[in-house]
Structure formats: structure tokens, C-alpha cells
Amino acid sequence: MRFDVITLFPNLFAPHLSEGVTRRAFESGQVEVRLWNLRDHTDDPHRRVDDRPYGGGPGMVLLVEPLERALAAVRAARGEAAPLLHFSPTGRRIDQALVQEVASGGGAILLCGRYEGIDQRFLDRHVDVELSLGDFVLSGGELPALALLDAVARLQDGVLGDSRSHAQDSFSQGLLDCPHYSRPEALPGAGDAGTVPAVLMSGNHGQIARWRRERSLALTLRRRPELIAAARAAGRLSPTDESYLATLEQ
Ligand code: 9D3
């Protein structure tokens with residue numbers, strides 16, 4: 001799978017691609033990432049890639065000419081067709097379904113915006129999908145692009161040690177994750193709040209699974225009730241789940 005990233009700040013990427021569980025996926029080329037500096041693709045003697053917006057106002061706009069040159073260079077190097085994804089605050093919010101869709105394909109071209117935006121004519125002519133990380137303002141699309149690359153890389157074979165980890169991903173299940181505990185069983189002097197729930201020490205795997213499911217359901221209902229509604233609509237809640245939720249909803 002191959003990703004070509006068009007950015008004004010290619011140096012932001014390397015540190016993130018060489019650390020953590022995803023490192024092997026990137027370093028082996030299982031998820032190949034090629035970085036393209038937009039500033040290398042302008043004819044302008046001053047290497048300008050932006051200019052002031054027609055109509056006035058604050059900020060600068062990325063110019064069509066360098067963007068089209070960079071995109072042509074990427075497409076020529078790739079050979080095969082690939083969707084162009086643009087990271088923008090006005091995009092559709094990235095979720096796990098989008099991540100899985102991207103991870104099941106041959107890769108994409110990622111365009112990271114900066115400044116106030118990109119000339120609309122380039123977007124209209126070339127962009128397939130606009131994606132946002134959420135409703136907060138960043139200084140550019142590089143961190144959202146890295147977020148997508150990270151989410152795609154961790155789905156690759158061999159990245160997560162235990163293949164069950166995927167199936168248990170909270171958003172694959174559509175519910176928030178349950179709490180986790182490890183040693184020690186009790187934090188000295190911290191009373192009940194410092195003690196691991198007894199059911200996890202019981203060795204009763206049926207009870208443990210039920211407790212975890214109930215913690216997920218309760219947390220999701222309290223914090224993200226729309227996810228409970230979606231899980232219900234998708235038929236992902238069992239009669240046992242519904243009985244438990246009914247004890248919470250009064
Ligand atoms: C005054 C209007 N601004 C929109 C809120 C303009 C603007 C601000 C910041 C335009 C671009 C940016 C830079 N942000 C991104 O390129 C970006 C982004 C984000 O800011 N938040 C969440 N997801 C993304 S994806 C790309």
C-alpha cells in the first residue's frame with residue numbers, strides 16, 4: 001500500500017513514522033510513505049506557493065500552479081490511479097469506518113493544507129474526498145494526515161502482537177472500551193479506589209467478559225449515547241445488553 005503526501009512541511013512526518021508499533025509497517029514498506037514538498041514544484045523564481053485571496057481578507061491561499069505540478073509528478077511516479085484525499089477543517093470527520101476503507105485499498109495521495117486554504121478551483125478539479133480530524137482548529141493538515149497513516153498502519157498484519165486486539169478495538173465494536181488494570185492488586189493506602197475490581201481476580205472468564213461488556217455499555221451510554229443508538233440500530237446489542245441498559249436508563 002502506498003501513500004504520497006503533498007505538504008509544505010515534510011520534516012513533520014519522519015519522527016512519527018520511525019517510532020512505536022507502526023514503525024515496522026512503515027520501515028518495511030508494507031505501508032510505503034513518500035513525501036513531496038510542494039515548494040519543490042513551482043516555476044516561480046522565489047518558490048512562492050501562496051498568494052493573497054481575491055476579495056481581500058486575512059491569510060494566504062495555496063496557488064493552483066504548484067499544486068497541479070506536484071500532483072502531476074506524484075501521479076507520474078505512482079503510475080496507477082489513486083484517490084486524492086485533502087485534509088481540511090471543512091472535511092468529513094475521519095472515523096474507523098473510513099480508516100478501514102482506506103486500509104483495504106492500494107493507498108492514496110494525501111494533500112495537507114496550510115494557511116487559510118487552497119484555491120477552490122484545484123479542489124473542484126482534483127480532490128476526491130475532504131477529511132477533517134474534528135471540530136478544532138489546527139495550523140495545517142499534516143497531523144490529520146499522520147493520524148490517518150497511523151490508524152491505517154496499525155491495522156496491517158503483524159503490527160498488533162495479538163490479532164484479537166483488532167476485534168476488540170472499541171470503535172470496531174462501536175462501543176467505548178472498558179477500564180483496564182494491572183499490578184499491583186491494591187495501591188497502598190488508597191482504599192477501594194486503589195483496589196482492582198474483585199471480578200477481574202476471580203478467574204471466572206464468563207463473569208469477567210460480562211463485567212467488561214457492562215462497563216463498556218455504561219460508559220458509552222453516559223459519554224457517547226449516540227453510539228448506543230447506532231449499535232442498537234445495527235443489531236449489535238444482545239437481549240442481555242438491553243436488559244443491562246434498562247437497569248441504567250431509569
Ligand atoms: C477562519 C477559517 N479557518 C477555518 C476554521 C481557516 C483555517 C484554519 C486552519 C483553514 C485551515 C486551517 C488549517 N487546518 C487544517 O488544514 C486542517 C484541520 C483542522 O484545522 N482541524 C481539524 N482537521 C483538520 S484537517 C486539516
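1. G59 is partly exposed, because its relative accessible area of 37% lies between the cut-offs of 20% for buried and 50% for exposed. The model is predicted, and G59 is placed in the loop between β3 (50-51) and β4 (61-62). If neighbours within four places in sequence are set aside, G59 is in contact with R52, P53 and E116. G59 and A234 are 175 residues apart along the chain, and 44 Å separates their C-alpha atoms.

2. R47 sits in the loop between β2 (32-37) and β3. R47 is not a glycine, yet its phi is positive, at about 55°. Most residues other than glycine have a negative phi. The backbone at R47 is therefore worth a look on the screen, given that positive phi of about 55°. As for its surroundings, R47 is partly exposed, with a relative accessible area of 39%.

3. A second backbone point concerns the bond between R183 and P184. This peptide bond is cis, with omega at about -5°. For comparison, most peptide bonds are trans. P184 lies in the loop between α8 (170-173) and α9 (205-223).

4. Helix α3 covers residues 64-78, which makes 15 residues. From its first C-alpha to its last, α3 reaches 21 Å, close to the 21 Å expected at 1.5 Å a residue. The buried residues in α3 are V64, P66, L67, A70, L71, V74 and R78. The student may notice that this list includes an arginine, R78. Just after α3 comes G79, with a positive phi of about 80°.

5. Helix α6 runs over residues 142-153 and has twelve residues. The distance from its first C-alpha to its last is 16 Å, close to the 16 Å expected at 1.5 Å a residue. How many of the twelve residues of α6 are buried? Nine are, so α6 is largely enclosed by the rest of the structure. These are E142, P144, A145, L146, L148, L149, A151, V152 and A153. A glutamate, E142, is among them.

6. P225 belongs to helix α10 (residues 225-233). P225 is partly exposed, and its relative accessible area is 42%. L175 is 50 residues from P225 in sequence, while their C-alpha atoms are 9.8 Å apart in space.

7. Now the protein as a whole. The protein contains eleven helices and eight strands. Its radius of gyration is 23 Å, well over the 18 Å that the globule rule gives for 250 residues, so the protein is more spread out than a compact globule. Along the principal axes, the C-alpha atoms fill a box of roughly 70 × 40 × 40 Å.

8. Contacts and burial can be read together. Among contacts with a separation of 6 or more, 73% are between residues 24 or more positions apart. Of the 250 residues, 39% count as buried.

9. The last point is the surface and the charges. The protein has an accessible surface of about 14600 Å², and carbon and sulfur atoms hold 51% of that surface. There are 28 positive and 33 negative charges, and the mean positions of these two groups are 3 Å apart.

Technical notes: Residues numbered from 1 in each chain as written. Predicted model: local features only at pLDDT ≥ 70, side-chain atom pairs only at ≥ 80, totals over all residues. Heavy atoms only, no water. Helix = DSSP H or I, 4+ residues; strand = E, 2+ residues; numbered from the N terminus. Rg over C-alpha atoms; globule rule 2.2 N^0.38 Å. Buried < 20%, exposed > 50% of the residue type's maximum accessible area, 1.4 Å probe, protein only. Contact = heavy atoms within 4.5 Å. Areas by Shrake-Rupley, 256 points an atom, 1.4 Å probe, with all protein chains shown as cover. Lys, Arg positive; Asp, Glu negative; His and termini not counted. Charge placed at Lys NZ, Arg CZ, Asp CG, Glu CD. Expected span 1.5 Å × (residues − 1).
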